[in-house]
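Here are a few exercises to work through with the model open beside you. Try each task before you read its solution.

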Amino acid sequence: MNKEHSDVGSRRWSLHIDDSGEETRWELQWESADEFARHIAKIDDFPDALFPYPVQSRDERSLIVSSTGAETLASVAYEELSNAALVGVFESLGKLLRRIHELPSPSGFGDHQFGGAYHTFNAFMASAFTALSEAILELENDEVRDTAVETMANLRHELSAFHPHGRSTWTVGRPTPTRFSVRDNPTEVEALLDFGSVALRPPEYDLAALRIYGLLSDHPVADRAFWKGYGAAVTCDLSRRITYFENLINLERLVSRPALLPASK
C-alpha cells in the first residue's frame, strides 16, 4: 500500500510510505533544496538516535529510508488509546524534544552553517520581521494583509517583554504530527523525520509550535505527561512567552512562511 502524508496547505515537506513489500520504505521529500541540505547536515551532526533509519538512496531533494515497525505520530488514533498509552506517547514526545533542545550548540540565533546567524535575539528577530514585512507586501487579500500588519506591530511592541532569559537551543521549527515517528508495544515517539527547519531559536518557539500544530492541548493526561517528559513546569512567565511565539508562528503561517528562517528563500 502506498500512503502520502504532508502538511495541510503546504508542500514544503512530504512523506510517502510504501509498505507493500517485506520492508516498509519511506520517501521523504523537500520542496526547498536548502531545507534538504540542512536535513542532511543535521542527521550527520546530531546523534543517530534522533534519526535512526538507514538511508537506502537519495537524490537532490529526497531520501528513501527503511523504517520497519514504525509509523508517524499522525497515524495515532488518540481517542482509541488508554490513559496509560497517552502518557507513554506524550511523555516520550517531551523527552525527545528535551533531547533536541539540550544538544550542544553554538551561541547565537539562526543557522551558522547555512548563513543567517545572529549574535543576539533582537538581531535575529529584526531580520525575521524584515522577511515577514516582504511577505506581507505580497499578500493580495486586503483583510489578511491588515491582520498581518496589526499582528506584526503587536509583536514588535511586545518584543522587549519576551526577550529570552538564556541562550538559544536547537529547535525543530515545524513539529507537526507527521514529522515524528512512533513505535508500537508500547506506542512511543521514537524520532524526528524532518530537520529541514532546525535552527537556533528560543526553546519556547517549539513549545508554541506544538500547540499551533495540535500536539499540545488542554487534555489533562496528555498535557501533564508531555511536561513531565520535557522536565519543566508551566510557570506564568513561560506561559506568556509561549503565547508570544504562538502569535509569531500564526503570523508566519498567515503569510505562508512557516518556521521562517532569515536565510530561507
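**Exercise 1. Find how many cavities of 30 Å³ or more the structure holds, and describe the lining of the largest one.**

Solution. Keep in mind that you're looking at a predicted model.

Step 1: Start with the count, which is 2 cavities of 30 Å³ or more. The largest cavity has a volume of about 40 Å³.

Step 2: Now look at its walls. Phe 124, Met 125, Ala 128, Arg 201, Tyr 205, Leu 248, Glu 252 and Leu 260 line the largest cavity.

Step 3: Match those residues to elements. Helix H3 (121-137) and helix H7 (236-254) are the ones that give two or more residues to this lining. H3 gives the most, with 3 residues.

Step 4: Sort the lining by character. You should get 6 nonpolar residues, no polar ones and 2 charged ones.

**Exercise 2. Work out which parts of the chain the salt bridge between Arg 12 and Glu 35 ties together.**

Solution. Step 1: Check the contact itself. The two side chains, of Arg 12 and Glu 35, meet in a salt bridge at 2.5 Å, N to O.

Step 2: Place each partner. Arg 12 sits in the loop between strand E1 (2-6) and strand E2 (13-18), while Glu 35 belongs to helix H1 (residues 33-45), so the pair ties together parts that are 23 residues apart in sequence.

Step 3: Ask about surroundings. Both Arg 12 and Glu 35 are buried.

Step 4: Look for further partners. Arg 12 and Glu 35 are linked with Arg 174, Arg 179 and Asp 194 in a network of salt bridges. Across the structure, the count comes to 14 salt bridges.

**Exercise 3. Take the salt bridge between Glu 91 and Lys 95, and decide whether each residue is buried or partly exposed.**

Solution. Step 1: The side chains of Glu 91 and Lys 95 meet at 3.6 Å, N to O.

Step 2: Glu 91 and Lys 95 are 4 residues apart in helix H2 (residues 83-101), so about one helical turn separates them.

Step 3: Glu 91 has 16% relative accessibility and counts as buried, because buried means under 20%. Lys 95, with a relative accessible area of 42%, is partly exposed.

**Exercise 4. Do the same for Asp 142 and Arg 145.**

Solution. Step 1: Their side chains form a salt bridge at 2.7 Å, N to O.

Step 2: Asp 142 and Arg 145 are 3 residues apart in helix H4 (residues 142-158), again separated by about one helical turn.

Step 3: Asp 142 counts as partly exposed at 48% relative accessibility, and Arg 145 counts as partly exposed at 23%.

Technical notes. Residues numbered from 1 in each chain as written. Predicted model: local features only at pLDDT ≥ 70, side-chain atom pairs only at ≥ 80, totals over all residues. Heavy atoms only, no water. 1 Å grid on protein atoms, 1.4 Å probe; cavity = no way out; pocket = protein on both sides within 12 Å on 5 of 7 lines; lining within 4 Å. Points joined across faces, edges and corners; volume = space filled by probe spheres on them. Nonpolar A, V, L, I, M, F, W, Y, C, P; charged D, E, K, R; others polar. Salt bridge = Lys/Arg side-chain N within 4 Å of Asp/Glu carboxyl O. Buried < 20%, exposed > 50% of the residue type's maximum accessible area, 1.4 Å probe, protein only.
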